[in-house]
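Load the model in a viewer and keep the selection tool ready. The stops below go from one selection to the next.

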Amino acid sequence: MTAQRPSVAVLAETGFIALVLGAVMGLVWWWAAPTEQWTVVEGGLVPADLGFTAWFSADGWFLALGAVAGVVLAGASWRRGRTRPVVLTLGIIIGAGLVSLVAWALGGALGAPDPQTVAETASVGTVVEGSLGIRAMGVLFAPALAALTVQALLLSSAKLSDEPTPFPDSSWVPQQSW
């Protein structure tokens, strides 16, 4: 039988992997997602793009990148904690939340500032860049759903014990009397 890793080690390693993946995901999201464009008008802002494609594109990029990060999180964590499936599941749930929050915070921090503050000093007719953000909050669950799906597939195909299944004692078989 193989030695099991301590629960704290499995959780710590999964958390570290999640923090790194969240940082990478935030950088890629900031780089790949288009930003919103706003036109300064008297009294506020109006969207420069009437199709709102940048709004939906940022959410779509976060969803796709989150799914990839979730798959990577589950695969990397599986190699380290497969002997502790319950602890690993808890680590993946917490880790996927970390991936989403770190990516969201980093992507938003690297993006343009809030357009409302820029519009206060800009002249009418100026086009300002909007901040990178998420409109559909459900995309924050993409890493968790992807990671848990991959873990379920890995668990369903895994051999959980190295010990052979013992044959039952034959005394439990009911005796037939003819």
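Select Ala142, Pro143, Ala144, Ala146, Ala147 and Gln151: these are the buried residues of helix α5. The model is a predicted one. Now show the surroundings of that selection; the buried residues of α5 pack against α2, residues 53-81, and α3, residues 85-110. Extend the selection to the whole of α5, residues 142-156, which makes 15 residues. From first C-alpha to last, helix α5 reaches 21 Å, close to the 21 Å expected at 1.5 Å a residue.

Next, go to α2 and pick Asp59, which lies in that helix. Which side chain of opposite charge is nearest to Asp59? The nearest is Arg135, at 6.4 Å. Asp59 is buried yet has no salt bridge. Display the contacts of Asp59, leaving out residues up to four places away in sequence: Gly133, Ile134, Arg135, Ala136 and Val139 remain. Arg135 therefore appears in both views of Asp59, as a contact and as the nearest side chain of opposite charge, while a salt bridge needs a side-chain nitrogen of Lys or Arg within 4 Å of a carboxyl oxygen of Asp or Glu.

Move to α3 and select Gly97, a residue of that helix. Is Gly97 buried or partly exposed? Gly97 counts as partly exposed because its relative accessibility is 28%, and buried means under 20%. Add Gly22 and draw a distance between the two C-alpha atoms: the separation is 9.3 Å, although the residues are 75 apart along the chain.

Then turn to helix α1, residues 7-32, and switch on the surface. Select Phe16, Val20, Val24, Leu27, Val28, Trp30, Trp31 and Leu110, which make a nonpolar surface patch of about 810 Å². Helix α1 gives the most to this patch, with seven residues. An α-helix has 3.6 residues a turn, so residues three or four places apart point the same way. Within the patch, stop at Val24, found in helix α1. Val24 counts as partly exposed because its relative accessibility is 46%, and exposed means over 50%.

Finally, zoom out to the whole chain. Colour by secondary structure to see five helices and three strands, which follow the pattern α-β-β-α-α-α-β-α along the sequence. Of the 178 residues, 32% count as buried. The accessible surface comes to about 10800 Å², and 69% of it belongs to carbon and sulfur atoms. Among contacts with a separation of 6 or more, residues 24 or more positions apart account for 80%.

How values were computed
Residues numbered from 1 in each chain as written. Predicted model: local features only at pLDDT ≥ 70, side-chain atom pairs only at ≥ 80, totals over all residues. Heavy atoms only, no water. Patch = residues over 30% accessible without salt bridge, like charges linked within 9 Å, V, L, I, M, F, W, Y side chains within 5 Å. Areas by Shrake-Rupley, 256 points an atom, 1.4 Å probe, with all protein chains shown as cover. Helix = DSSP H or I, 4+ residues; strand = E, 2+ residues; numbered from the N terminus. Buried < 20%, exposed > 50% of the residue type's maximum accessible area, 1.4 Å probe, protein only. Expected span 1.5 Å × (residues − 1). Contact = heavy atoms within 4.5 Å. Lys, Arg positive; Asp, Glu negative; His and termini not counted.
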